[in-house]
Amino acid sequence: MVAASRMFRSLLLAAALAPALPAVPAFAGEDAAVRARATMGAVGLLSIARAGSSLPANDGSSILYRVSQADWKKNHAVTELWSVDTASGKPRRMLADGGTDAAWSPDGRSIAFVDRRDEDKASQIYLLPADGGEARKLTTLRTAPADLVWSGDGKSIYFLANLPDGKELAARKKERDDMVAFESPGARRALWKADLATGKAEKIVSGDFEVRGFDISADGGVLLYRRATSRLLDDQAASELWVRVNGDKGNGADRRLTDNDYQEMGARLAPDGRSALFRANARDGHYGTFNANLFVVDLATGKIRELADGPPWAIEEALWSADSRTIYFTAQEGVRTGLYAVPAAGGRWRKLAGGDSVISSIALSRDGRMLTYTERSALQPEEVLRLDPRSPRPVRVTHLNDGIAERYRLPRQEAIHWTAPDGQALEGLVTYPLDYVPGHAYPTIVQSHGGPRSADQFNVFAYGRFLPLLARAGCSCSASTIAAAPATATRSSRA
């Protein structure tokens, strides 16, 4: 509902903004067929269907993905779950609206997801047959689950959820006497496991701390999790990775793996169970105001190595290859984000996909033969693509907005570079008016992000930027960031 509220606030602002901007007559030298295309208004911008996170089945035979779009009759945005058959390319809607954290069962026959339906007091885990049919509720939880992960044998599902309120706090909430200090720990988040046969959930990791993330090996023999003193942002730098070598049967066997002053983000176990990867804003073993880089920690010794150190990029996502020898990752390079691979032992990294575009939401099938991701550019909203990382040739999976550049007159967007007076190299984006004529002056709107990290990237379809509307009204728009050098293959590994 937050996204829907923002979407329709954007619509109201765009509708109010457009009439106030000056109209510019069509450029006489422009091709007549181009001028005949429709210009995109507020409704057209908000009606664009956008592909979200994707997930291939373990054997790559099917791919789950989400589609978000406006439902004007319901007056809010809806998110649907779809599946596409890899061989035929035929898509099928699995859930019309609602449901999050979708996850394939190991055998590919079921899809687990989280939803809150009419009779539920809290969100629950549901199971949906992969070949269609009605979903059935698996759990009856008192708090909402998240981050679903199937066990390798398909008999249980791991997830994160808050511990239920104690009797005193529950009574206070019932009387609406629930004012608590901001810094108070509140409900602790724990790691749970739900049994598929009974639906019963049991705590696996809990205590006077927060479990902020986890991963478990396919054989259930190694459990990795990140433990923090609280969920407050200021406490995340003090969180650390812990490991349990006999899976979910602890018996006091948990061992602290890291001890540093930075947050280990997106930690993932290698399939061979010997090491784990994570991202961190750190260098030389300490936190700093650096872009996130990629690290590998040995589970036996705790030794940490830094990978992919070189270009001034920011690592956004990372995952292991099926044989644990390679790490696939996305790296933000200023206005672009590309897909790369680097040997886990250190060495030459290589680019798998990307251009004047932004790649995100990467996922890999368990057999390692299919990697899926979403990609957007200045001419195309988010779509799902797939490739075999061993011989990367991207293939489009979704076709939600085919021909959008032929239906609409879209503004031209390009990267620009300049140097500040202090010598700092800068990079930015300029979005031109629809009828731009070189040498003419146009009203220019500067749209800057909050920083200090991140950057504006290729995208004319963002809800809050109104770029098609501003370009239609004869305005140019610019956004700037610290420049990132183009990535070229290099050798990199830091101990």
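Strands, like helices, are runs assigned by DSSP and numbered from the N terminus, a strand (E) having at least two residues and a helix (H or I) at least four. The model is predicted, so local features need pLDDT of at least 70 and side-chain atom pairs count only at pLDDT 80 or more, while totals for chains, interfaces and linings use all residues. Residues are numbered from 1 along each chain as its sequence is written, and side-chain values use heavy atoms, with hydrogens and water left out.

**Exercise 1.** Locate D147 and D284, and state for each the phi value and the exposure.

*Solution.* Begin with D147, which lies in strand β9, residues 146-150. Its phi is near 60°, a positive value in a residue other than glycine. Most residues other than glycine have a negative phi. For exposure, buried means under 20% relative accessible area, exposed means over 50%, and partly exposed lies in between, with a 1.4 Å probe and protein chains only. With a relative accessible area of 36%, D147 is therefore partly exposed. Turn next to D284, found in the loop between β19 (282-283) and β20 (286-287). D284 is not a glycine either, yet has a positive phi of about 55°, and at 57% relative accessibility D284 counts as exposed.

**Exercise 2.** Describe the surroundings of S365 and of V397.

*Solution.* S365 sits in the loop between β28 (357-364) and β29 (371-377), and is buried, with a relative accessible area of 2%. Its side chain makes a polar contact of 2.6 Å with that of D367, where a polar contact is a pair of N or O atoms within 3.5 Å, one able to donate a hydrogen and the other to accept it within protein, and residues adjacent in sequence count only if both atoms are side-chain atoms. Contact in general means heavy atoms within 4.5 Å; leaving aside neighbours within four places in sequence, S365 is in contact with P56, A57, N58, G60 and M370. V397 belongs to the loop between β31 (395-396) and α5 (404-407) and, at 10% relative accessibility, counts as buried. Not counting residues up to four places away in sequence, V397 touches I63, V84, V384, L385 and R386. The C-alpha atoms of V397 and I63 are separated by 8.6 Å, although these residues are 334 residues apart along the chain.

**Exercise 3.** Give the order of the strands in the open sheet that four strands form.

*Solution.* The order is β1-β2-β3-β4, with antiparallel pairing, two strands being paired if DSSP finds at least two bridges between them. β1 (50-56) and β4 (91-95) stand at the edges, each with a single partner strand, so one side of each is left without a neighbour in the sheet.
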